[in-house]
Amino acid sequence: MKASKLLDPPPTPAGYRAPYRFEFPKVLLNVVSLVLFIVLIPLLWQLIWWLQGQPAPRSFTISGFQDLFVLIVVGVLVPVLTIVCHELIHGLAFQLLGYKASYGIYWGLGPYAAAFGQFQTRQHSIIVVLAPLILINMLMLLLLAIPDLIVRAIACIALLFNTSGATGDLYLTWRLWRTPSGTLSYDVDKYNSFVFEPE
């Protein structure tokens, strides 16, 4: 993999201090994501029990080609579709707020949607960052109440991947929340991000 190149920030807007570079602690976030994934499994199991009034099935018996096909769809396609939808919601939120969205893969953290070369307000950044976590999880939690095994399996897998995959989003929200309300962020590219705080 080609090493990332450190790029300079854009000129500092009037009324702002010199920017500082923002970086994700990739190793820490990947560890937290894995731990969260594992912790969520029994929690979702209990939630299904509470919603359905009975424990979730302990096994899924494959009795033919149709069951095998369903298992492949649920186990492979649902995580991929969840990740794609997660990033598309980020991008749609950018566009609704007036930014031009770009998509790609950030090795070490996964796919991304970003607004390169544009100043982003703190409030807009928080909305964009939290939109997929809130929207997808709300929909999947509603689907957990449907008494159908396949629907519940899809909802559980989507919840697991969407929530554990949002650790970077939650970290960025926490960092932004601690900055002044007029703070601006600016992504030069997927490796170079800067934060401008007001004077």
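Serine 33 is in contact with Ser164, Gly165 and Thr167, once its neighbours within four places in sequence are left aside. The residue sits in helix α1. Serine 33 counts as buried because its relative accessibility is 16%, and the cut-off for buried is under 20%. All of this comes from a predicted model.

**Overall fold**

The protein chain holds five helices and six strands. Along the sequence, they follow the pattern β-α-α-β-β-β-α-α-α-β-β. The chain has 199 residues, and 37% of them count as buried. Its exposed surface comes to about 11,800 Å². Carbon and sulfur atoms supply 70% of that surface.

How much of the contact network joins residues at least 24 apart in sequence? Among contacts between residues at least 6 apart, the share is 71%.

**Nonpolar cores**

In soluble globular proteins, nonpolar side chains tend to be buried together. Here, the largest nonpolar core has 22 residues. Leu44, Phe94, Met140, Leu144, Cys156 and Leu159 touch the most other members. Four helices each give two or more residues to this core: α1 (26–52), α2 (65–96), α3 (122–143) and α4 (149–164). Helix α4 gives the most, with six residues. A second core is separate and has eight residues. Its members include Leu29, Ile126, Tyr171 and Leu176.

Leucine 144 is one of the residues that touch the most other members of the largest core. What does leucine 144 touch, not counting residues up to four places away in sequence? Its contacts include Leu44, Leu47, Ile48 and Leu51. Gln52 and Arg152 are also touched by leucine 144. Ala155, Cys156 and Leu159 complete the list.

**The cavity**

Rolling a probe the size of a water molecule over the atoms shows where empty space is left. A search of the whole structure finds one cavity of 30 Å³ or more. The volume of the largest cavity is about 30 Å³. Its lining is made of Tyr20, Phe22, Arg175, Leu176, Thr179 and Val195. By type, these residues divide into four nonpolar, one polar and one charged. Which elements each supply at least two residues of this lining? They are β1 (20–22) and α5 (167–177). Leu176 appears twice in this account: it lines the largest cavity, and it belongs to the second core.

**Three sites and their partners**

Three residues can be set side by side, each with a C-alpha partner further along the chain.

| Residue | C-alpha partner | Separation in sequence | C-alpha distance |
|---|---|---|---|
| Leucine 6 | Aspartate 189 | 183 residues | 9.8 Å |
| Alanine 14 | Glutamate 199 | 185 residues | 9.2 Å |
| Glycine 104 | Alanine 114 | 10 residues | 8.5 Å |

Leucine 6 is found in the segment before β1. Is leucine 6 buried or exposed? Leucine 6 counts as exposed because its relative accessible area is 63%, and the cut-off for exposed is over 50%. Leaving out residues up to four places away in sequence, leucine 6 touches Arg21 and Asn192.

Alanine 14 also lies in the segment before β1. Its relative accessibility is 76%, so alanine 14 counts as exposed.

Glycine 104 lies in strand β2 (residues 102–106). With a relative accessible area of 24%, glycine 104 is partly exposed. Its contacts are Pro111 and Tyr112, leaving aside neighbours within four places in sequence.

Definitions and conventions
Residues numbered from 1 in each chain as written. Predicted model: local features only at pLDDT ≥ 70, side-chain atom pairs only at ≥ 80, totals over all residues. Heavy atoms only, no water. 1 Å grid on protein atoms, 1.4 Å probe; cavity = no way out; pocket = protein on both sides within 12 Å on 5 of 7 lines; lining within 4 Å. Points joined across faces, edges and corners; volume = space filled by probe spheres on them. Nonpolar A, V, L, I, M, F, W, Y, C, P; charged D, E, K, R; others polar. Core = buried A, V, L, I, M, F, W, Y, C linked by side-chain atoms within 4.5 Å. Buried < 20%, exposed > 50% of the residue type's maximum accessible area, 1.4 Å probe, protein only. Contact = heavy atoms within 4.5 Å. Areas by Shrake-Rupley, 256 points an atom, 1.4 Å probe, with all protein chains shown as cover.
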